[in-house]
Amino acid sequence: MNWYLKVLKNYTCFSGRAPRSEYWWFSMFNFLISIALSLIASLLGDEYVISGLYSLFIFLPGLAVTIRRIHDAGYSGWWVLCPIFNLIVLFFASEDDNRFGLRPVDIAR
């Protein structure tokens, strides 16, 4: 949960790097929260308002952590516009040091 909160706190930071664990833990918690909100919304009978508000809330932090993850693999953040390449890069290992900064500390290693 710490990675999820860290991403939310750094929602305007598009520079720098994000380790794989930060990106994937954020994605997992985002997925679980989305499922929980969908279940709650379906029980209340109002599916689109709750999930739509959450999607708007999480869009910018998700974009920022994705761009930082692409930086961590050594590529420009503009590659986020190419979904296939973007998906492949998210699995790449981090480079030691690159033009985007020093290698971030990754707890999962």
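A residue is called buried when its relative accessible area is under 20%, and in this predicted model Arg-68 meets that cut-off because its relative accessibility is 3%.

**Figure 1. Overview of the predicted model, with its four helices and two strands.** From the N terminus on, the elements follow the order α-α-α-α-β-β, and the C-alpha trace spans about 50 × 30 × 25 Å along its principal axes. Of the 109 residues of the protein, 33% count as buried, while the accessible surface comes to about 6900 Å², 71% of it belonging to carbon and sulfur atoms. Among the contacts with a separation of 6 or more, 64% are accounted for by residues 24 or more positions apart.

**Figure 2. Close-up of the salt bridge between Arg-68 and Glu-22.** The closest N and O atoms of Arg-68 and Glu-22 are 3.0 Å apart, and the pair links distant parts of the chain, with Arg-68 in helix 3 and Glu-22 in helix 2, 46 residues apart. Glu-22, like its partner, falls under the cut-off for burial, because its relative accessible area is 2%, beside the 3% of Arg-68. Lys-6 also belongs to this view, since a network of salt bridges links Lys-6, Glu-22 and Arg-68. Side chains of opposite charge can pair when their charged atoms come close.

**Figure 3. Close-up of Asp-72 with Arg-17 and Arg-69, each of which forms a salt bridge with Asp-72.** In the bridge between Arg-17 and Asp-72, the closest N and O atoms are 2.8 Å apart; this pair links distant parts of the chain, Arg-17 lying in the loop between helix 1 (2-9) and helix 2, and Asp-72 in helix 3 (residues 47-72), at a separation of 55 residues. The side chains of Arg-69 and Asp-72 meet at 2.6 Å, N to O, and here both partners lie in helix 3, three residues apart, which is about one turn of the helix. Asp-72 is buried, with a relative accessible area of 0%, and Arg-69 is likewise buried at 0%, whereas Arg-17 has a relative accessible area of 10% and is therefore also counted as buried. A search of the whole structure finds four salt bridges.

**Figure 4. Close-up of the largest nonpolar core, which has 10 residues.** The core consists of Tyr-4, Val-7, Ala-18, Tyr-23, Phe-26, Phe-29, Tyr-54, Ile-58, Val-65 and Leu-90, and the elements that contribute two or more residues to it are helix 1, helix 2 and helix 3. When neighbours within four places in sequence are left aside, Phe-29 is in contact with Met-1 and Tyr-4.

**Figure 5. Close-up of a nonpolar surface patch of about 580 Å².** The patch is made by Trp-25, Met-28, Phe-31, Leu-32, Ile-35 and Leu-39. Trp-25 is found in helix 2 (residues 20-44), and this residue counts as partly exposed because its relative accessibility is 39%.

**Figure 6. Close-up views of Cys-13 and Cys-82, both partly exposed.** Cys-13 has a relative accessibility of 30%, and Cys-82 a relative accessible area of 32%. The structure holds zero disulfides.

Technical notes:
Residues are numbered from 1 along each chain as its sequence is written. This is a predicted model: local features need pLDDT of at least 70, side-chain atom pairs count only at pLDDT 80 or more; totals for chains, interfaces and linings use all residues. Side-chain values use heavy atoms; hydrogens and water are left out. Patches are made of residues with over 30% relative accessible area and no salt bridge: like charges are joined within 9 Å, nonpolar side chains (Val, Leu, Ile, Met, Phe, Trp, Tyr) within 5 Å. Accessible areas come from the Shrake-Rupley method with a 1.4 Å probe; for residues, only the protein chains shown count as cover. Buried means under 20% relative accessible area, exposed over 50%, partly exposed in between (1.4 Å probe, protein chains only). A nonpolar core is a set of buried Ala, Val, Leu, Ile, Met, Phe, Trp, Tyr and Cys residues joined through side-chain atoms within 4.5 Å. Contact means heavy atoms within 4.5 Å. A disulfide is a pair of cysteine sulfur atoms within 2.5 Å.
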